[in-house]
Amino acid sequence: MTTEPAGEWARRRTFAIISHPDAGKTTLTENILLASGAIHLAGQVRARGENRRTRSDWMKIERDRGISVSASVMTFEHSGLRFNLLDTPGHEDFSEDTYRTLTAADSAVMVLDAARGVEPRTLKLVEVCRLRDIPILTFINKMDREAMEPEALLDDIQDKLALDVAPMQWPSGSGRRFKGVMDVRSNEFLVFPGVEGIEPGKAARRVSLDDPQIGSVLPGDEMAELLDGAEMAREVCPPFNDQSYREGHLTPVYFGSALRRYGVRELIDALAEFAPGPQPEPALIKGAQTSVDPASKEVSGFIFKVQANMDPNHRDRIAFLRLASGEFKRGMKLKAETGKAITISSPVMFFAQDREIADEAYAGDVIGVPNHGVLRVGDSLSESGTIRFSGFPNFAPEMLRRARLKDPLKAKHLKKALESLAEEGVTQLFRPVIGGDFIVGAVGQLQFEVMQERVSAEYGIDVMFEPAPYETARWLSGSDADIEAFGDRHKSAIAQDIDGDPVFLAKSQWEVGYSEEKWPKVKFHRTKERG
Ligand code: G4P
């Protein structure tokens, strides 16, 4: 790296792509990486996935179901900026993982399928973005196929997502009529050629709408339709406003086809123009609520994801650290607020095809920290050890299952396996105070299947997850006496989570409501902040 360290963090753009499965996230990711020169051949994002998968059996589930379970980060350069693209799992059973990944992003690109508009998963993900006011840029994909009318697509975003929309482009129809888009700011037409698509990284040819040449690209009636549509959009939609975008109230909208690379280069340019760099991160310092500025000197960051056993032969575990401030140097010793310290001697940076040892990193960057289970999701690291970043809740699981061993002699091993997988933060582990069971909590069925595969592949233990008589869990708070009194009355339903905190395993939502009414001095929490 050659640029001045002082301003280095300011050129980071860390973002995630959010979408409903099948909208084209993988295709877009790949074409963004191709356009930026980070990869050189189409198919490499998928190929990379395949290689990784063959290394580890549990990934078979991903392959069989055609879903991407694990999140990672890909780094590329464009327009003098360094982009860190965070990959979010598409499947809804991994929504908690996605939520945490979004805590590490400064902005998001929302991909919609032009024929489908806003889909259920899009809605959920935007809700998550809203929790942190993450600015969203919209890419309406698959315009090369028959699509909804652009007006209807904009209405859909506005109605379902309660976001103002500012179309930055206006398409000339869809399917075969999709010959390009009008850039509403410059009044130019961006010409998208036929089925062969645009060469990676190339911007579309621009023709002024006043140029007589335009007639050879768009026949008169299509031109009139384009102008009508764009005019109407201008009348009903607010103009782009940088502040509204940054506050998460307004989304600029772009149209294209990831498959043919129509509009991909323009999307990257838009990210370069609008996407915010690292933002101050809310944190608690010595008990006081404050925020950590990316420009501040002290190196700090937080772990938003832990991936264990990426290579089962080495039992390695990589914690993904999003830097929030300072100039990180390889070999630095960082401390958690709990007092534990770790010397980061082989930090990893992730490029599209490779991992590299990072000698330095700045606010906005994500480095992988290999460790042996010391680091957990939600851990804050800093030079002084006094910073604790806020906003890493565990969510009450929506499904609870009892872990049952085929070979009871392996109970100790199972404990270790379940604990270490729970430390990745994807599933939760509860230990009822009575009896020797392990209750595993998750957001969806698929997580149990992945757990089962991984416990078998990585620890050689056969485990089954069978129905438990509980439907949900709530963390308890209140005075020790009140919690004890509640616990005495509900002995068989009290458990400890992985940190030893008390949890109520409830048979039904109704039971939660009833208990809340009967025990006003005990608080029942849906989420728990780590720390
Ligand atoms: P996802 O990661 O969001 O789940 O979506 P992905 O990129 O895998 O795309 C889903 C399907 O949509 C793929 O087709 C892909 O080729 C297609 N697709 C993506 N972008 C476009 C586009 O701009 N135009 C058109 N026409 N299709 C697009 P598939 O048949 O399911 O897979 P494949 O065999 O092509 O890989």
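**Entry 1. Strand β17**

I began with strand β17, residues 333-336, and looked up how its two faces differ. Leu334 and Ala336 lie on a covered face, while Lys333 and Lys335 lie on an uncovered one. I noted the general rule that side chains in a regular strand alternate between the two faces of the sheet. I record here that the model is a predicted one.

**Entry 2. The partners of β17**

I next looked up which strands pair with β17. Strand β18, residues 341-343, pairs with β17 in the antiparallel sense over three bridges. Strand β23, residues 380-382, also pairs with β17 in the antiparallel sense, over two bridges. I then followed Lys335: its bridge partner in β18 is Ala341, and in β23 it stands opposite Ser382. I also examined the connection between β17 and β18, which form a hairpin with four residues between them. In that turn, Gly339 has a positive phi of about 105 degrees.

**Entry 3. The seven-stranded sheet**

I turned to an open sheet of seven strands and traced its order as β2-β3-β1-β4-β5-β11-β6, with mixed pairing. I identified β2 (73-78) and β6 (164-167) as the edge strands, since each pairs on one side only. From one strand to the next, the twist averages 30 degrees. At the β2 edge I checked the pairing with β3, residues 81-86, and found it antiparallel over six bridges. I noted one bridge there: His78 has Leu81 of β3 as its partner.

**Entry 4. Helices on the sheet**

I then asked which strands α6 lies across. They are β1 (12-19), β4 (107-113) and β5 (136-141), and the helix runs at about 165 degrees to β4. Helix α7, residues 150-161, packs on the sheet as well, where it touches β5, β6 and β11 (250-255). The direction of α7 makes about 150 degrees with that of β6.

**Entry 5. Helix α6**

I returned to α6 for its own geometry. This helix covers residues 120-131, twelve in number, and reaches 17 Å from its first C-alpha to its last, close to the 16 Å expected at 1.5 Å a residue. I listed its buried residues as Thr122, Leu125, Val126, Val128 and Cys129. Seen down the axis of α6, these fall within an arc of 155 degrees, so they line one face of the helix. On the other side I found Pro120, Leu123 and Glu127 exposed. Lastly, I looked at what comes after the helix: α6 is followed by Asp133, which has a positive phi near 50 degrees.

Methods
Residues numbered from 1 in each chain as written. Predicted model: local features only at pLDDT ≥ 70, side-chain atom pairs only at ≥ 80, totals over all residues. Buried ≥ 20, exposed ≤ 12 C-beta atoms within 10 Å, placed from the backbone. Pairing = 2+ DSSP bridges. Expected span 1.5 Å × (residues − 1). Arc of directions from axis to C-beta. Axes fitted to C-alpha atoms, helices over the stretch in contact; angles between N-to-C directions. Contact = placed C-beta atoms within 7 Å.
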